[in-house]
Every structure is written in structure tokens, then in C-alpha cells.
Amino acid sequence: MKVAIVGASGAVGQEFLRVLDERNFPLDELVLFGSSRSAGRKYTFRGKQIEVKLLQHNDDFKGVDIAFTSAGAGTTKEFCETITKHGAVLIDNSSAYRMDADVPLVVPEVNPEDALNRPRNVIANPNCTTIQMVVALKAIENLSHIKRVHVATYQAASGAGAAAMDELYEQYRQVLANEPVTVEKFAYQLAFNLIPQIDVFTDNGYTKEEMKMFNETRKIMHSDIQVSAMCVRVPALRSHSESIWVETERPISPEEAREAFAKGEGLVLMDNPEKKEYPMPLFLAGKDPVYVGRIRKDLANENGLTFWIVGDQIKKGAALNAVQIAEYLIKVGNMK
């Protein structure tokens with residue numbers, strides 16, 4: 001099994017290295033690719049140093065079984081054919097092909113079998129906020145069809161990459177030192193602030209991030225579900241949080257929902273208000289599951305339920321989800 005990581009030096013690329021090692025992924029050879037900026041860097045994986053190769057239009061992907069890409073939509077589109085022409089399965093973490101009809105959009109806890117039908121040998125990893133939401137929604141959908149979702153997201157700096165995390169650290173230091181604040185990665189200072197915009201605005205007043213949650217959820221769940229999202233950047237470092245209101249075809253009690261979440265694949269129930277136990281991003285960075293708490297009836301909707309989730313978006317929201325897709329393909333013997 002020969003595996004490639006494209007975009008190895010980025011936050012998600014580095015997470016791929018950790019996740020593959022943590023999960024003892026069955027690979028014999030690992031090759032790393034990057035831009036001219038990162039080519040030549042060396043990373044240690046399972047005791048061996050691997051040098052990052054420059055991503056080029058050549059035959060470097062000959063013999064590669066799985067290529068994990070996290071280098072941006074433009075890079076994926078430019079190099080897709082180069083990566084897949086010798087038979088590699090491309091599992092892409094960008095938005096390049098997510099909504100293409102002939103590219104499956106997969107969350108293994110929800111729709112793993114979609115990965116088996118991939119005409120272009122490309123599988124798309126959904127947006128991080130969508131991934132953690134649908135893992136939770138699946139548990140409720142199994143009880144009663146979800147008609148409508150309202151969601152407010154609280155997205156950490158890490159959603160914008162490693163440099164954005166560094167900038168948040170630096171901004172806090174600058175504010176406390178009474179120095180001018182550096183603002184490069186976000187539209188405004190994020191330290192001590194909230195920014196109610198993630199990605200660019202579309203014609204309907206929603207951002208692209210918010211529209212991803214609408215469109216991707218429907219594709220993954222094969223559902224007519226309606227999703228209205230408000231995505232906010234918050235000055236947390238890592239792990240996204242979401243406040244979710246669902247409307248189901250029949251009323252679901254909090255007790256029934258708790259039981260479903262407790263049994264749900266990829267979920268951990270953390271819901272004990274009396275003891276102040278609920279998911280918080282500070283304590284859940286680096287964890288695999290999606291954590292669910294604050295489960296209660298929606299007072300404004302007879303068929304409504306509301307709850308709070310937290311998930312590490314570099315892990316489950318990116319690298320881990322992609323690796324789980326590859327694990328599923330290996331398990332069912334569907335690599336070619």
C-alpha cells in the first residue's frame with residue numbers, strides 16, 4: 001500500500017501524518033508532496049525521515065494507491081488528472097469537486113457506500129462544519145426524518161490554517177503588550193472579538209461557508225433537508241462548536257435523543273447540566289469523536305429539538321474523515 005499526501009506542510013497535511021500513525025494505517029510507503037515553498041522539508045513518520053517532493057505534472061504518482069490532498073481547490077483541479085491517471089484514489093479535502101454529481105461526498109458514519117461509486121476515482125471530503133453536524137444529525141435521522149435545521153457555528157482560528165492559529169496567539173500577545181495588532185489572516189482582529197463572516201458573501205446574503213452547509217448536507221444525507229446556517233469565527237484556537245435546532249417529522253424527546261446520541265457512531269454524549277458537563281472546544285482539541293450536549297426540547301417548535309456539538313475540525317473535520325474513507329475502501333476491498 002503506497003500512500004501520498006499532497007499539501008504535507010499545512011495544518012491538515014501535518015494532521016494526516018499524525019492520524020495515519022495513530023490509527024496504524026496499513027501502508028508500506030508514504031510519499032509527501034508540496035509547493036516550491038515546502039519542497040525539500042523533511043518530516044518524520046514511523047521513525048523514518050521523508051522529504052517533501054515538489055508537486056509536478058509527471059509520473060510521481062505511479063504506484064500510489066491512495067492520495068490525500070489538502071492543498072486548496074485550485075491545486076486539486078490543476079493536478080487531479082496527474083494524480084489519478086495511474087489508478088490512485090484521490091481523497092480531496094478542498095471544495096473543488098464537492099458538489100459535482102460524479103464525485104461522492106462522504107462521511108463514513110453517514111454514507112460510506114457512496115465512496116464505492118466514483119467514476120473519476122475522486123472522493124470529496126466535506127466541509128468541516130458539515131462533517132461534524134451530519135455525524136450528529138444521522139443519529140436523529142434514524143429516529144425520524146429531519147425536515148429542517150437551523151445552525152449557528154462558532155469556528156476556531158484553526159479553520160483558516162496553521163498561520164491563522166499563529167496570528168491569534170500573536171494578536172493576544174500584542175493586545176496584552178499594548179502593541180499594534182497584526183491583522184492578515186482575517187478581515188478584522190480576532191483576539192477578543194467575533195467575526196460573523198466565514199468565506200465570501202453570495203448573492204442571497206449567506207456566505208459560501210453557510211451555503212456549503214445547506215448543499216453538502218443534502219448531498220451526504222440524500223435528503224430534502226433544509227439547512228439555514230450562520231457561521232461565526234470565534235477566538236478559540238482549535239475545534240469548532242455548533243448550536244443546532246432540528247425539526248423532525250414526529251416529536252423526539254430529549255431522553256430518546258440522548259439514547260440515540262449515546263449509541264451513534266462517531267459520537268460521544270457529554271450532557272450533564274447539573275454537574276456543568278457539556279462539550280467545550282478548549283478540552284476537546286485533538287479528539288476523534290463529535291461530542292454532543294445541552295440536549296433539550298425546542299420551546300418554539302413542537303417537533304423541535306436543540307443541542308450543542310463540538311468537534312476538532314482539523315481532525316474529524318478534515319484528516320480523520322479522509323483516512324476513515326480510505327479505511328472503509330480497504331475493508332470492503334474496493335481500492336481499484
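**Exercise 1.** In which loop is Gln313 found, and is Gln313 buried or exposed?

*Solution.* The coordinates are those of a predicted model, in which local features need pLDDT of at least 70, side-chain atom pairs count only at pLDDT 80 or more, and totals for chains, interfaces and linings use all residues. Residues are numbered from 1 along each chain as its sequence is written, and side-chain values use heavy atoms, with hydrogens and water left out.

Step 1: Gln313 lies in the loop between strand S14 (304-311) and helix H8 (315-331), where helices (H or I, at least four residues) and strands (E, at least two) are DSSP runs numbered from the N terminus.

Step 2: the relative accessible area of Gln313 is 3%, so Gln313 is buried; the cut-offs are under 20% for buried, over 50% for exposed and in between for partly exposed, with a 1.4 Å probe and protein chains only.

Step 3: not counting residues up to four places away in sequence, Gln313 touches residues including Cys128, Gln132, Gly159 and His240, a contact being heavy atoms within 4.5 Å.

**Exercise 2.** Describe the setting of Gly159, and then place Gly159 and Gln313 within the UniProt annotation "binding site".

*Solution.* Step 1: Gly159 sits in the loop between strand S9 (146-155) and helix H4 (162-176), and because its relative accessibility is 39%, Gly159 counts as partly exposed.

Step 2: Gly159 touches Arg233, His240 and Gln313, residues up to four places away in sequence being left out.

Step 3: the unreviewed UniProt entry includes both Gly159 and Gln313 in its "binding site" annotation, along with Ser9, Gly10, Ala11, Val12, Arg37, Ser38, Ser158 and Pro180. These positions span 305 residues in sequence and their farthest two C-alpha atoms are 30.1 Å apart, so they do not all gather at one spot. UniProt positions are given in the numbering used here, feature names are shortened, and annotations may be inferred rather than shown by experiment.

**Exercise 3.** Compare the end-to-end reach of helix H3 (residues 128-141) with the expected value, and determine how many of its residues are buried.

*Solution.* Step 1: the expected span is 1.5 Å times one less than the number of residues; for the 14 residues of H3 this is 20 Å, and the reach from the first C-alpha to the last, 20 Å, is close to it.

Step 2: H3 is mostly covered, with 12 of its 14 residues buried.

Step 3: among the buried residues of H3 are Cys128 and Gln132, both of which are touched by Gln313.
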